[in-house]
Amino acid sequence: MHKQLASLIASICVVLGIRGSSVAADRPRLVILISVDQMRSDYLTRYGDLFLPASIPDADGRRQVGGFRYLEASGAWHVDAQHSHFPLFTGPGHAVELTGACPYKSGIVGNYWYDRRSATNRYCVEDPEGKIVGNDIKTKLPDVSPRSLLVTTVGDELKMATGGRARVWAIGLKDRAAILLGGHLADGALWFDEETGNWVTSSYYATNGILRPWLRELNASRLVNQFTNAVWNFEKTKALDRVWTWTEASSHSTTGTNYQAFTVSPMGNDFVFELAKRVIEKESLGQIQTEGRQAPHASDLLAINLSSNDYVGHYYGPDSAEMLDVTLKTDTQLSAFFNWLDQRKLLAQSLIVLTSDHGVSPLPAQMRSDAHFSGAIGYEAEVQSSVQRFLADRYGVRGTNSPVKVVEFNVYIDPSDLAWTNAAPSDIHDEVARFLTDTHTNGVYVAYTKEQILKGQLPRTDVAMRVMNGYYPGLSGDIVLVPQPYWIQLNATSKYKSSHGSPYAYDTSVPLLLSGPGITPGIFTEPASTLDIAPTISFLLGVIKPSGAEGKLLMSVRR
Ligand SMILES: [Zn+2]
């Protein structure tokens, strides 16, 4: 009888697909999150036939693996992945990737916002206590830390679950990307100083005020000069049938007065991968044999931000030969990195996740001239002037202070600068929002007030949902405005030709590829959110989701 019952239960388990301890067995030794800054999901299909094959036999008959197509073939490709928040900037996007939390919980509501108390713009990771470590001189880099991130990351939870033994690192050219991916308990977050050419960190991480010896040696070696004294040649013939934005150039120099020019080229990513390999080696990531670190909690985490794709997109746009070329070179760089991991027996045991913090708009100037859309670069200052004029006409302005500040898509109004102050602030917000929405001035599509957002009075639209997901009380504005398509939040004097930030598909659609232990290979057409990344990685690591996580497990998790 007992045997029959056991047999019945076993049969039910087989039918339901339940396997004993499969999750623990699937635990990756190393999680590598690769965040390609400003990569749209369509690049995977638009340029897919030009990528390296998934598997490449070399001359000795050994297997080499490709880049994007290796991930697609060996892992899960979520073809309809979207960010779920607004605005679509680097700070909020990177905060989402490993927290699973929207800005309304993470507190990262933009790259910048207006700090009402100090009456200044505030950078998203700014912290006067987090002194830059790694330079001999004081440069323009701001002092920073993760203190403004109000939720935990996957790395934080991994640290807590392992008594601090798991190793957690985050790197990239941009401080905000490295810090917001790494979180509060990371062993290190590293970013690049364009003035000195050094990798640096914050005293928040390097509490003794100095870099690790191997990092000091790397900076002293001036490896960076290999990449800054070069020419970026790109092949335009490959681009003939899939590029819309044409320029005469077929090469760009990576040499400049400082170390900035090479970051706008594929060489910037080469330099980041050199650092990634050193972090893995010198910090023994994924090495479970190390004394004092035993299974089951033997996983480590490395987050890598590839910022050069973003700089190239800003300078040349998504439809340029430059964007095609940097994407193809990213494919080659990924392949080289994966093969390097494979030689160290790490590839098969690593969970590799590739995504992006946002997409990018086609060039507004080209959309205007060729496709007859409105749209322009030059937004913040113009909206600020329009609202200023409206308030002056309606209420009068006291003194010389401007009662209005526009930072990214947030409008902040200080009623104390208005002459007629009998009106309630909420009435002023209503009037300004109505003015912006009714006139569509300077490319405004719609404007919502703080009161509407916090009382849940927004319409049930995709755009309004994103606005709510992006609103943090006290940090966000009195009014949030949403631009029409192809209106770009930048100063008109910016050297950039395009940007991102909007709630439209070209900014919200990003790649999402996962390969490694615990992932079912295949193409997944169900809608997926970038909010799902952190809960999925947490599950595969056997740790609790980060504190603000609200996504679901991705369909590609092995059952
Ligand atoms: Zn970005």
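The following paragraphs describe a zinc site, several helices and a few individual residues in a predicted model.

Residues are numbered from 1 along each chain as its sequence is written, and side-chain values use heavy atoms, with hydrogens and water left out. Because the model is predicted, local features need pLDDT of at least 70 and side-chain atom pairs count only at pLDDT 80 or more, while totals for chains, interfaces and linings use all residues.

A good place to begin is the metal. The zinc ion is coordinated by Asp37 (OD), Thr90 (OG1), Asp357 (OD) and His358 (NE2), at 2.0 to 2.1 Å. Donors here are N, O and S atoms within 2.8 Å of the metal (3.2 Å for Na, K and Ca); water is not among the atoms, so sites may look incomplete. The angles subtended by the four donor atoms run from 94 to 134°, which makes the arrangement tetrahedral (four donors with all angles between 85 and 135 degrees). Along the chain, the donors follow the spacing D-x52-T-x266-D-H. Asp37 sits in the loop between β1 (30-36) and α3 (43-46), and His358 in the loop between β15 (350-355) and α14 (364-371), so the pair ties together parts that are 321 residues apart in sequence. Helices (H or I, at least four residues) and strands (E, at least two) are DSSP runs, numbered from the N terminus. Both Asp37 and His358 are buried, where buried means under 20% relative accessible area, exposed over 50% and partly exposed in between (1.4 Å probe, protein chains only).

Helix α13 (residues 321-343) offers a simple check of geometry. At 1.5 Å a residue, its 23 residues should span 33 Å, and the end C-alpha atoms are indeed 33 Å apart; the expected span is 1.5 Å times one less than the number of residues. Of these 23 residues, 18 are buried, so α13 is largely enclosed by the rest of the structure. Just after α13, Lys345 takes a positive phi of about 60°.

Turning to helix packing, α5 (residues 90-99) and α20 (residues 533-541) pack at about 30°, with their axes 5 Å apart. Axes are lines fitted to C-alpha atoms, for helices over the stretch in contact, and angles run from 0 to 180 degrees between N-to-C directions. The two helices are therefore roughly parallel to each other, a label for angles under 35 degrees. Glu97, Leu98 and Thr99 in α5 meet Ile533, Ala534 and Ile537 in α20, contact meaning heavy atoms within 4.5 Å.

Two further buried residues deserve a look. Val432, in helix α16 (residues 425-439), has 0% relative accessibility and so counts as buried. Beyond its neighbours within four places in sequence, Val432 is in contact with Val387, Phe390, Leu391, Ile413 and Ile479. His78, in strand β4 (residues 76-78), is buried at 2% relative accessibility. With neighbours within four places again set aside, the contacts of His78 include Leu512, Leu514, Phe524 and Ala528.

Finally, some backbone details. Most residues other than glycine have a negative phi, and most peptide bonds are trans. A cis peptide bond joins Phe86 and Pro87, with omega about 10°; Pro87 lies in the loop between β5 (81-82) and α5. Ala119 has a positive phi near 55°, lies in the loop between β6 (112-115) and β7 (120-123), and is partly exposed at 44% relative accessibility. Ser284 also has a positive phi, of about 55°; Ser284 is placed in the loop between α11 (266-282) and β14 (300-306) and is partly exposed, with a relative accessible area of 24%.

How values were computed
Four donors count as tetrahedral if all angles lie between 85 and 135 degrees; four count as square planar and six as octahedral if opposite donors are over 155 degrees apart and all others between 65 and 115; anything else is irregular. Angles under 35 degrees count as roughly parallel, over 145 as roughly antiparallel, 65 to 115 as roughly perpendicular and the rest as oblique.
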